[in-house]
Structure formats: structure tokens, C-alpha cells
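Q: I would like to go through this structure with you, one part at a time. Please keep the terms simple and explain them as they come up.

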Amino acid sequence: MDTTNESRMRIPVGDLRSALPKLAVLLALLAALMAWSGIRQWREAGLLEETERARDGAVQAVQASHAAAVKQLEQRLAAAPVKAALASNDTTAAVAAIREGWAGVEQVEILDGALTSAYDDAATFGYSKLALLEAGMQGDAVAARVVKDGKETSFGLAAAVPQGVVYVRLPLARLTEGFERVTMPEGAYLALRQGGYSIVQRGSSGLADGAERMAHAVGKTGLRVATAAPDSEPGPLGLGAIPALVVAGLLAGLAIAAVVFARGGGRLGRFGKKGAEMSDTDEPTLGEALLREPPPVVPGRAVVAADEDGDAYRQAEGKTVEVDPGIFRAYDIRGIVGKSLSVEVAELIGLAIGSVMRDEDLADIVVGRDGRLSGPDLAGGLIEGLRKAGRNVIDIGLAPTPVAYFGAYHLRAGSCVAVTGSHNPPDYNGFKIVVGGQTLSGDAITDLYERIRDNRLYVAGVPGDLQQRDIAADYIQRIADDVQLERPLKIVVDAGNGVAGDIAPQLLEAIGADVIPLYCEVDGTFPNHHPDPSEPHNLEDLIQTVKRFDADIGLAFDGDADRLGVVTKEGAVIFPDRLLMLFAADVLERNPGALIIYDVKCTGKLQGWILRHGGTPMMWKTGHSLIKAKMRESGAELAGEMSGHFFFQERWYGFDDGLYSAARLLEILANRSETPSEVLAELPDGVSTPEIKVDVVDGTPHAIVERFVDGAEFEGARLSTIDGLRADWDDGWGLVRASNTTPILVLRFEADNSAALERIKTEFRTRLQALAPELKMTF
């Protein structure tokens, strides 16, 4: 053995003992830091739990108050004196019978079903009160909402009666008294909200902007309790409360041991590599000391894979979560809450997105969500996953999808996720994802699932930051600085109780429009109609309201406001492909020769229209992410889809935005001397169908379309197979394609006249029936 080298590796025990007091002080300080961090996090976790209990108590209290008021009116309407008075058409007696013994009731009145006087001066009568009365006349249920009645904010009830509708006004305290009594911790924040309006709020108002993240719906009332607690900062090395306290205990123990040894109370003996016991003059090498007292292991950091550069990917500890590959669609991620979507799945999706961002060296991401009841929980899970992957999250809360897209540019993040179920039923939700300016689709969406399946999820040593921002005012200001109407237009805005209701009226008023709101209270149950303007039956209430108010035009938005629907004052539905003609002519005035993209479902008259206005037409695949990718590749100034997605590169950012498209439409119409109806009537039109959807029960729609394309023979037609099969004749065209989001076939037909339309429909129907006789044709 080389005793010279061995002696170089050893430190005299005396020197070691003299250094131990300093080491003990250092260990004690570290132990104190860890203990303080653990206690702080423990207290913050307790505060969060108390806040959640207060929120849940507030939800129960408000729901009970709401239900009690509704039941009171139901019982009074069912009482014999009221029924007798209504049967004899004595509304005065009916009102008196309803009021009798009802403590605190402020007003009871019965209005005729036409609501003529209300509509004559709706602004004075109150839009929210008018909306309540309309809701009360729908079906047998009592409608209940917070309304502005005169100068007072009150709790209103409405129900249908033979003479029209009964309206009852109660003090707001009848709804909020339980909310006010709930015990809540100091430093927290609670607010009872309806749509974007805070009815009553308590606690630290500085937390108001981030309160939607923990919001819970009050049953199906349209109300919700927004909630916030102070942000909890992670401990050193990302340790939670219990691990920090455990490490503090270990460090304190080492500090005590160091003091004991420094005072000679311990013996630094050991066995060397040869098995001989060391003397007091021997001391351990660094490696031997570590073997004797290994450092604590940080839980939840098990390496599962490594990238090409050798950087570690990690998987957090926790229960196994089943992830359905079927939710990873062509354009986005979408599933049913409680079945294929959960908070745990959302967290894994956040980890997968964060891992992709980490690979591309992207740090910041914006997260917004629509008004669905599941939104706060899923957004919370997503944000947790993104932060675990080390990404810095900017939570903009309740916001339309295009506002989230805007946030990626405005906040210089370059990436965003919109938590939204779009136009789907209330129990659906999903994620629209942009990473580094690219909307994820196709293989990029599939890669997220594969990362989860293969455990290729990066977990950072320190979680990313989280901040809350409200950028609605910035979004409105950005558009209003560019778009102002030459003359005011009276418009009705139907948000379908989607998230557009929070911002669309403000935006369109900011550019100079006179706005009449319809179903603009954000309610994730969509109580009035489905938020899908591509279905004509969802526009019936909008058409009637436009006529009632003699408005210039009606605008409708889908659930997350990235699509636009339009109706005229005469009740005509203007399909989006015709709107695209109007937008194209306007853009081409300033950009001669510009490329205009449209999807395979659009009118055959678009190509000639674009050419006549000096542009370059291009037909492309359906799908918002596919269209955006093609725009980036080709440099197109404008694009549009039959579904109502419009993409402006000129003067905007190139993403699909129903709100901005509405502003550009009103700008064009206000610049013309003709009425909006006259301008829209000038656009070329034919005899056409809306989108026709045929359910596929057996097999997949893609397999059926593939067989249809293989055997297609349409005499005299030009065939396009970029997305399904489209056959164009000189007098019309037909299309069949497979939906990438639901198990259906999508068809559309257009022709110069009804006879040609029937001929083309028959050609497609006959071939489809021969190919797949199990299909139930709906055309």
C-alpha cells in the first residue's frame, strides 16, 4: 500500500474537531431554514384547506337560499287562491295572493308574454331582467337570477303563467345572507359571481383576479363562488412541508452530533478497507464519511429516461393514471369529464406539454379557460403539471380561446393552452395548445400521448412560477385602437352562455356599436341553447331578438368564441363561406394578389370571387390547426372555414378569432352606404345545405371515406381528395369527409338550382348506401 498517498487523504482528528463547531452552526442554520419552510408550507396548506372549506360552505349556503326562493314561488303558484285568480284572469288578485305572507318580497307583477313595453325601451327596463323573464317563459321551471332592476341589484324570480310571466323581486340579501355568514380564514378571498359580475365579495380583494382558478359552480344556478388563497411558495429544492421538516430533523441531528464530537463525547473510530480498527489519529476519507452518513434522498424524482444530450427526464411519484388515447384528436385534446378527462389526466397533459417546451427551450406559457363547470379543476391540474415541468405559467383565468392566443403574443410567452370544450355539450372539455407559436395538431398531439404512455415526462428540480393576469382590457384596447366604426350599428350579441358573454359586448361597444346582449351570462350548463352557431336551430332566438329590437344584424359565438355566426334583420342566416367573400374583398383592396385559403366545405363560388378581386385562392383541409399551419407555410393574409373560423393575418396575428372577426365585419358594414342586409345580399349565393352529419356506429368514418374515395366515379366532375372527397360539376358540388373530432361523416352540397342540388345529393346518397348500408342517411 502507498502509505504516502493514504496520509495525504487523512485529516488529523484535532483539526477535524476544531472545524466541527463551524459545521454545527452551518447545519443548525440549514435545519432552521428547512424547519421554517416546512412550518410555513404547513400553515399555507392549512389556510388553503380552510379556504376550500369556506368555499364549499358558501356554495351550499347559496344553493340552499336559491332553492328555497324557487320552492317558495312554486308553492305559491300551486296554491288554490293563486290558481283561481289566474283561471279567472284576475291578475291583480293573483299578484296579491302571491305576495300575501311572503316576508321581504319587494315586487310582484304579471306581464304579458309579448313583453311589448319591455322591448320598447329595453335599456331602461333592464337587459338582465328581460333575459330572466324570457327564461321564465321557457318550460315549467322557475328561473332565478341576479338582475339589475332600476338602480338596484336584486334577486329575481320568473315563471310562466297563462297570462304571460310572473316576476318576483326579492332583496339580494335573500340570496347572499348564507354566503355572508360563512366563516373564512384571514387573507383569503371569496366572491359570489354571475357571469363576469361579482355580486358580493369578501376578504382580500387583491386576490380577485386569480379567484377563478378555484371557483366552484353553485349547482345549475348559473352562479359560482370564486375563491383564492395566497400563493404557496415551494420550499428549498422544491421540498414540500413534510420532507422539509424531515430534512430539518436530520440536519439538526447532525448539528448536535457535531457539537458532541467537538467536545470529545464521541469516538471517530471505524474499520478500514482491510478490516483493521482505526485509531483516534485516523480519520475518514470523504467517500467513507458519505458511506457512513449518506445524504437524504429527495422523494418523487425517479429518473425514467434520458434524452440524446443525457439530460434526465423524470416521473413524479403517485398513483397510476389511466389515459385514454382517444382524447388526443387531430386538432386538439377533447374528452368527457369524469370518464376520459380528470384533474390527474390534466396534470399529465401539463407535464407532457411542459416536456415539449423544455425540449424547445421555452419557459413561459399562458393558460386560459372557458366557462364550463369543470374548467377551474382541469385548468388547475394542467397548471400543476406545467409547473412541475419547470414552466412559468401565466394564468389569465376565465377567457375566450382567442384571448389566450392573444396572450401568447401580448405577454411574449409564445405558448398557450386554452382549456375548452368549444361547442360541445357541457360535460365535454379539452385543450387547444400552442407551443412556440405553432398550434399542435396531428403527430404533435399524438406525441403528447406517447410521452405520457412511455413515461417521457420531465420533472424539474424546482417548480415553475405562477402568476395571475387579466388581459381582457388589453385585448379590447388592441382591437379598438385599430377598428372603429364609421357609423353606429345596432347589433344583438348571442353568446349562448359561453365565455364570449364576458367580453363581446364590451369589445363591440368599444369600437362604436350599440349592443343588445342575449344569453351573455356565462353559464357552463348552457341553459338556453347549445353554443354552436353552425347549427341553424341554435340561431332561432337570435333571429327573433334581432327582429324584436329592429337591430341591423345579429352575431353569435360558440362556446369559446373562436367561431362567428351571422343573421340579418330579415332572419337570413349568412353562412361563413359567404362572409369570407366579404372579408376577402376587403383584404384584397389593400393587398392585391394575396393568398386566401378556404376549407373543402366552402362554396364553389369562392374561387371565382377571389380571382375577380385580384387574389389567389387555395382550397385546403378542414381544421383550425391545419389551416393555421398552412397559413404559416404559405404566407396567406386571410383564411376561413365553413364552421365559422376566420383567420386574419392582415392587421392581426393569424389565429382564429370570432370576436375580432365580428369587429372586422362591423367595420366593413359601417363603411358602406347600404344597409348590412343589402351588403350581405349582394354576395353570390346558390342553393345549398348546411353541414350534414351522419352518425357512424360501426367501424370508423375514416375507413368509410377511404372506401368511398377508392371506388369514386362521378362522371363530368372534378375530384379533390385532400380531405375526404369533393366532386365539383359546372352547376354544383358535393362533399363527404370524416370528422376528426367525432364519429360522424360530414357532408355538404351546393348547386345553382334545386334540381341540380337534388341530383348531386342523390349521387352521393346512392353510393354511400351501397358502400355502408348500415348508415342512416339524414339527407
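Q: Where is Ser-441 placed?
A: Ser-441 sits in the loop between strand E16 (438-439) and helix H14 (443-453); here helices (H or I, at least four residues) and strands (E, at least two) are DSSP runs, numbered from the N terminus. Keep in mind that this is a predicted model, where local features need pLDDT of at least 70 and side-chain atom pairs count only at pLDDT 80 or more, while totals for chains, interfaces and linings use all residues. Residues are numbered from 1 along each chain as its sequence is written, and side-chain values use heavy atoms, with hydrogens and water left out.

Q: And is Ser-441 buried or exposed?
A: Ser-441 counts as buried because its relative accessibility is 16%, and buried means under 20% relative accessible area, with over 50% called exposed and the range in between partly exposed (1.4 Å probe, protein chains only).

Q: Which residues does Ser-441 touch?
A: Leaving aside residues up to four places away in sequence, Ser-441 touches Ala-330, Tyr-331, Ser-625 and Leu-626, where contact means heavy atoms within 4.5 Å.

Q: Changing topic, what about the sheet with E1 in it, which order do the strands take?
A: Four strands make up this open, antiparallel sheet, in the order E1-E4-E3-E2, and two strands pair if DSSP finds at least two bridges between them. E1 and E2 are the edge strands, each of which pairs on one side only. On average, neighbouring strands of this sheet are turned by 30 degrees against each other, with direction ignored; the axes are lines fitted to C-alpha atoms, for helices over the stretch in contact, and angles run from 0 to 180 degrees between N-to-C directions.

Q: Why is strand E4 described as largely enclosed?
A: Strand E4 (residues 164-170) has seven of its seven residues buried, so it is largely enclosed by the rest of the structure.

Q: How many bridges hold E4 to E1 and to E3?
A: E4 pairs with strand E1 (residues 107-112) over six bridges in the antiparallel sense, and with strand E3 (residues 152-161), also antiparallel, over seven bridges. On the E1 side, Val-108 has Val-168 as its bridge partner in E4. On the E3 side, Ala-159 stands opposite Val-166, and Gly-156 is partnered by Arg-169. E3 and E4 form a hairpin, with two residues between them.

Q: Which helix lies across that sheet?
A: Helix H4 (residues 91-99) lies across E1 and E4, and runs at about 145 degrees to E1.

Q: What about the sheet with E6 in it?
A: That one is an open sheet of four strands with antiparallel pairing, in the order E6-E5-E8-E7. E6 and strand E7 (216-217) are the edges, each pairing on one side only. Helix H8 (residues 173-181) packs on the sheet, where it touches E5, E6 and E8, and its direction makes about 25 degrees with that of E6. Between E5 and strand E8 (residues 223-228), which run antiparallel, there are six bridges, and Ala-191 stands opposite Ala-226 in E8.

Q: Now the empty spaces: how many cavities of 30 Å³ or more are there?
A: There are three cavities of 30 Å³ or more. On a 1 Å grid over the protein atoms alone, a cavity is a set of points where a 1.4 Å probe fits but cannot get out, a pocket is an open set with protein on both sides within 12 Å along at least five of seven lines, and lining residues have an atom within 4 Å of a point.

Q: What lines the largest cavity?
A: The largest cavity is lined by 19 residues, and Ala-217, Arg-224, Gly-371, Arg-372 and Leu-373 lie nearest its centre. E7 and E8 are the elements that give two or more residues to this lining. The volume of the largest cavity is about 160 Å³, a volume being the space filled by probe spheres set on the points, which are joined across faces, edges and corners.

Q: And the second largest cavity?
A: The second largest cavity has a volume of about 110 Å³. It is lined by 15 residues, and Pro-533, Ser-534, Phe-575, Pro-576 and Met-642 are the closest to its centre.

Q: Last one, how much space lies in the second largest pocket?
A: The second largest pocket holds about 1200 Å³ of space. Its lining has 43 residues, of which Gly-195, Gly-196, Tyr-197, Gly-501 and Asp-502 are the closest to its centre.
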